[in-house]
Every structure is written in structure tokens, then in C-alpha cells.
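Trainee: I should like to understand how the descriptive terms applied to a model are justified. Could we take them one at a time?

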Amino acid sequence: MTPRDRFRTTAPRTLRDPEALRARLEAVHGEPAVRPLNEWVEKLRTRLGDGESVPWFDPASGGVGARSLFLLEAPGQKAMGAEAELRRTGSGIISVDNDDPTARNCWMLRDEAGLPYAESLHWNIVPWYLGTADRIAAPGQSDIQRAAPFLHEVISMLPALKVVVPMGRKAQAGWAAYQATYAPKVHTLPTWHPSPRVFASRPAARQEILDVLRTAERILGGGAVSGD
């Protein structure tokens, strides 16, 4: 059994269980796969120096060995932990196991697509929380531009990366700007943001996301992809 086997989950929203959350937080600095990433998070919090909150990378994920990266817009309230001023309702970790509906959708879709969480990483174009204690805010162009160098620092720590899935228009815009500057040699598979609001307004979105994740699974498995 590998250290991360103890984090395997059989259902979404695992981190609403206090014991599961405690074990995950205790591994933030101890799990070798995410230690370099979370050391970087600590330094970024200091560098920002203006009260912005950056959650931890999930010890259950692939960490620096990840072959796929799922990029959303910015951390939600359920990723904000006790260290985040005025925002103490969440886990403090970016995780598909968080107790919120978007994380639940990610968990379910990944499960259906057969994508192992232990081989991938979830992060955001803007790594800090945007908004107030009561209401989240979407990233603007200035936020995306300010965050671009930090995304590059994360990508530079992922030598095995093969697939990037930017989810939602903001994430796609941020990733496109990153590609234009740094030209990473990865497959890019853009798709919808997996929020309940998107699913409610666009009934086909869920299936379209699932199709993209199945394509990612084929790429990682060495299968041919249309256009290659």
C-alpha cells in the first residue's frame, strides 16, 4: 500500500468528515508528492503579503508526478480553511473531495471516465480566493494577468504533465494566455466549468465534460486522439 492509498474515497464530499479532513491536512507537508507544491504555497502566501488566501494542494492527488492538470477559475469558499481571514467554512485544500457541489460533479465525472485522482492535479488559474466572506467573485483580466507567473511556477514543477483541462471560459482564457507565452508541450482539452449553474443552464454540458475526460483518459493510456 502506498501512502496515498489511505486517502482513496468511494463517494464524493469525503472532506465533510472531520477525521478524513484531519488526516488530509496532516499530510499536506508530509506526503512527498505534494510537499514541493505546498512549500511553494507557503512561499506564495508570504510573497502576496496582502491577506489573499491560497489553499493547499491535495495530498490525495498526483502532486508533482501528475500527468493531467484540471484548471478551474479561482478557489471556492469550501476550499478556504481556518487560516483564511473571514472564510472559515471549508477544508483549506483544493480537492475533488471537498463538500461542495462543483467538487462533487468533478468527483462523479472523473469516476465515470476512469481517471485516477492519484495521477492528476486540480488547481486554479488564479490561486487565491476572490470575493468577500459572503460571496465569491469571478476573476477579471487583471487577476488572470497577475496570476500568470504563479501558474508557470506550478507547471514547472510537473515534469510528467501530458494533459491540461481548462474548465470554464475564465480558465480557458488564462490557459490560452499562458500557452501563448510559454508554449507547453501538452494536450489541451477545454471544456465547461462543472458547476451546478452550468449544468442547469446547459443540459448537454455534463456529457460534454465526460467526453473530454474520457479523451484525457485515452491520451494518458497511450491511445490515439483525433487530430494527432
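The exchange below takes up burial, sheet edges, a cavity and backbone angles in this predicted model.

Trainee: Why is Ser-195 called buried?

Mentor: A residue is buried when its relative accessible area is under 20%. Ser-195 has a value of 12%, so the term applies. Ser-195 lies in the loop between β6 and α6 (196–201). Leaving aside residues up to four places away in sequence, Ser-195 touches Thr-102 and Asn-105.

Trainee: What makes Ala-183 exposed?

Mentor: The term exposed requires a relative accessible area over 50%. Ala-183 has 54%, and is therefore exposed. Ala-183 is found in the loop between α5 and β6.

Trainee: What is notable about phi of Ala-183?

Mentor: Phi of Ala-183 is near 45 degrees, a positive value in a residue other than glycine. Most residues other than glycine have a negative phi. Arg-13 also has a positive phi, near 65 degrees, and is placed in the segment before α1 (18–26).

Trainee: Why are β4 and β6 said to stand at the edges of the sheet?

Mentor: The open sheet has four strands in the order β4-β2-β5-β6, with parallel pairing. β4 (120–124) and β6 (187–188) each have a single partner strand, so one side of each is left without a neighbour in the sheet.

Trainee: How do you know that β5 and β6 are paired?

Mentor: Pairing requires at least two bridges between the strands. Strand β5 (residues 163–166) and β6 have two bridges in the parallel sense, so the criterion is met. In this region, Val-164 stands opposite Thr-188 in β6. Helix α5 (residues 169–182) lies across β2 (68–72), β5 and β6, and runs at about 140 degrees to β5.

Trainee: What makes up the lining of the largest cavity?

Mentor: The structure holds one cavity of 30 Å³ or more, and about 50 Å³ of space lies in the largest cavity. Its lining consists of Ile-125, Ile-144, Ala-147, Ala-148, Leu-151, Gly-174, Ala-177 and Tyr-178. α4 (141–155) and α5 each supply at least two lining residues, and the largest share, four residues, comes from α4.

Trainee: Why does the lining count one polar residue?

Mentor: Gly is classed as polar, whereas Ala, Leu, Ile and Tyr count as nonpolar. Gly-174 is among the lining residues, and is therefore counted as polar. The lining thus divides into seven nonpolar, one polar and no charged residues.

How values were computed:
Residues numbered from 1 in each chain as written. Predicted model: local features only at pLDDT ≥ 70, side-chain atom pairs only at ≥ 80, totals over all residues. Heavy atoms only, no water. Contact = heavy atoms within 4.5 Å. Axes fitted to C-alpha atoms, helices over the stretch in contact; angles between N-to-C directions. 1 Å grid on protein atoms, 1.4 Å probe; cavity = no way out; pocket = protein on both sides within 12 Å on 5 of 7 lines; lining within 4 Å. Points joined across faces, edges and corners; volume = space filled by probe spheres on them. Buried < 20%, exposed > 50% of the residue type's maximum accessible area, 1.4 Å probe, protein only.
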